[in-house]
Amino acid sequence: MPMDTKKPNTYLYGNQKVLYLLLSDDKVPKSDETKEEVGEEGEIDGQDEEEDEDEMNEFEDEDTVDLRAYQVLGGVLYFDLLTLPPQPKQVKGWIMTQVTSSELQRVPYPPVEATKLSQTLSGTITMGQTLDPKALANAAAATEALGAPPVGVKFKLPDNVLYSEEPQLVYWSEKGSHWRLDGFTDITYNEDEKNISFKTINFGPLACIQDKHINMPFQSWELRPLGSNHTKLTVVSAILEVEIEIKDALCCFHLTAESDPKPGLDSIMNKWMTPPNLIKAMRSSGVNLFPERDSHKYVSITEKDENVEAAVYEQMSLTASNFAYSWSKWNCEASQEKIVILGAEKLDGNALTDEEWSMLLMRNERCFKLKMKEFDEEFSEVYADGIQFHADLYHMVIELSSDAGRERMGQTDFKFVDAVNQILSASKVITYS
């Protein structure tokens, strides 16, 4: 069943009805503390102030889901037990209907007559089947674990979402206004058919969650020019190898040529969008390459000065039409106020050799080219012979570029610069690699 349908489906159990309704991600219940939006810069609004660390880690118990560490993925399943309204009766020429409330009436579970209901719902998925002794023992164990006879549920996960690990089931607690992990047994996930089945006594919103930082930290990244106002960011993450092509003011998502096909990502591949829309689409599809303000608490990274990092992204964006940049293993060896990356002029379609890359060091006061190479055995801040110190990366790139490179850089459109900066600032590839 498609996850975006809004048509309810029901199963009849005796004189009661079980109803489930699948909705898209925009219907996910959220408490005031977890509501979030993607802003124009690709960042998360509503997180401008850092919460106290002790307060952030304070949860009711271990079954409470931390939405800073996990994300609801694939929409929400609404699963409820409802009473059937009185049926109309035809008497002679009249149709008589009992007037009742127009609202659906929920049935509490487990009900008072739990024994009677257990004879009907005792751990079965298909009603009316005969349970063998082993199935009866399993049902009894599930009833003991959950505190009431469980109801079997099976549904299909959406085809337009990539689950990089086996999904975890959660239900929405109205009392605590949060998602919880407890209350499920006999969970079975079929990866090929994308079906998940389980038993539960939890009625209401159900969902699947996935580790929000499963693709972090990144193994490497590279920003390579493809032409004037045209570049490509390649990120090799823990799970996927992803390309984000940026041309003028729009972006496009691809997998690298070496990647295995991922049918769940067909809905967002090769479609041009604005940076905020692309970020939102990638996150909704299970490809989250965009850390949030407190993601460093969940990912092991080498933190850098925020002001220096933001300035480097701005200047990389200004020069992205003619200059290539790449991850350097020595970045983690430099102190917090220093950033080390690789850089090289790139005006044609030929691949860059190891010798063409230069080691660039940026800090708050100055930027310069290092004498060492990426594959040297020790890190050294000795600057290259004949090189000048510069106030920022932009002016250093001007010195390192040819006349043709400086001409292309001068033709850079401000919309392209803004789009590149949004993607770099949102992915934070320098600190999360």
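Colleague: Among contacts in the protein chain between residues at least 6 apart in sequence, what share joins residues at least 24 apart?

Modeller: Contacts can be sorted by how far apart the partners lie in sequence. Here, 62% of the contacts between residues at least 6 apart join residues at least 24 apart. Do keep in mind that this is a predicted model.

Colleague: Thanks! How many helices and strands does the protein chain have?

Modeller: There are eight helices and 20 strands. The chain has 433 residues, and 48% of them count as buried. Its accessible surface is about 22,800 Å², with 46% of that belonging to carbon and sulfur atoms.

Colleague: Let me try a sheet. In which order do the strands of the open sheet of three strands stand?

Modeller: Strand order is read across the sheet, and here it is 6-10-9, with antiparallel pairing. Strand 6 (151-156) and strand 9 (184-190) are the edges; each has a single partner strand, so one side of each lacks a neighbour in the sheet. From one strand to the next, the twist averages 10 degrees.

Colleague: And how many bridges join strand 9 to strand 10?

Modeller: Five bridges do, and the two strands run antiparallel, strand 10 being residues 195-200. To find a pair of residues facing each other, look at Thr188, which stands opposite Ser197 in strand 10.

Colleague: Now the interior. Which residues have the most contacts inside the largest nonpolar core?

Modeller: Those are Trp221, Phe253, Met282, Met316 and Tyr325, in a core of 51 residues. Helix 8 gives the most to this core, contributing six residues. Try selecting Met316: leaving aside neighbours within four places in sequence, Met316 touches Trp221, Leu223, Tyr325, Ile341, Leu393, Leu424 and Ile430. There is also a second, separate core of 23 residues, which includes Val107, Val151, Val153 and Tyr189.

Colleague: Helix 8 came up there. At what angle do the axes of helix 4 and helix 8 cross?

Modeller: For a pair of helices, look at both the distance and the angle between the axes. The axes of helix 4 (residues 275-284) and helix 8 (residues 414-427) come within 9 Å and cross at roughly 35 degrees.

Colleague: Which residues meet there?

Modeller: From helix 4 come Pro275, Pro276, Leu278 and Ile279, and they meet Ala419, Gln422, Ile423 and Ala426 of helix 8. By type, this contact has seven nonpolar residues, one polar and no charged.

Methods
Residues are numbered from 1 along each chain as its sequence is written. This is a predicted model: local features need pLDDT of at least 70, side-chain atom pairs count only at pLDDT 80 or more; totals for chains, interfaces and linings use all residues. Side-chain values use heavy atoms; hydrogens and water are left out. Axes are lines fitted to C-alpha atoms, for helices over the stretch in contact, and angles run from 0 to 180 degrees between N-to-C directions. Helices (H or I, at least four residues) and strands (E, at least two) are DSSP runs, numbered from the N terminus. Contact means heavy atoms within 4.5 Å. Ala, Val, Leu, Ile, Met, Phe, Trp, Tyr, Cys and Pro count as nonpolar, Asp, Glu, Lys and Arg as charged, and the others, Gly among them, as polar. Two strands pair if DSSP finds at least two bridges between them. A nonpolar core is a set of buried Ala, Val, Leu, Ile, Met, Phe, Trp, Tyr and Cys residues joined through side-chain atoms within 4.5 Å. Buried means under 20% relative accessible area, exposed over 50%, partly exposed in between (1.4 Å probe, protein chains only). Accessible areas come from the Shrake-Rupley method with a 1.4 Å probe; for residues, only the protein chains shown count as cover.
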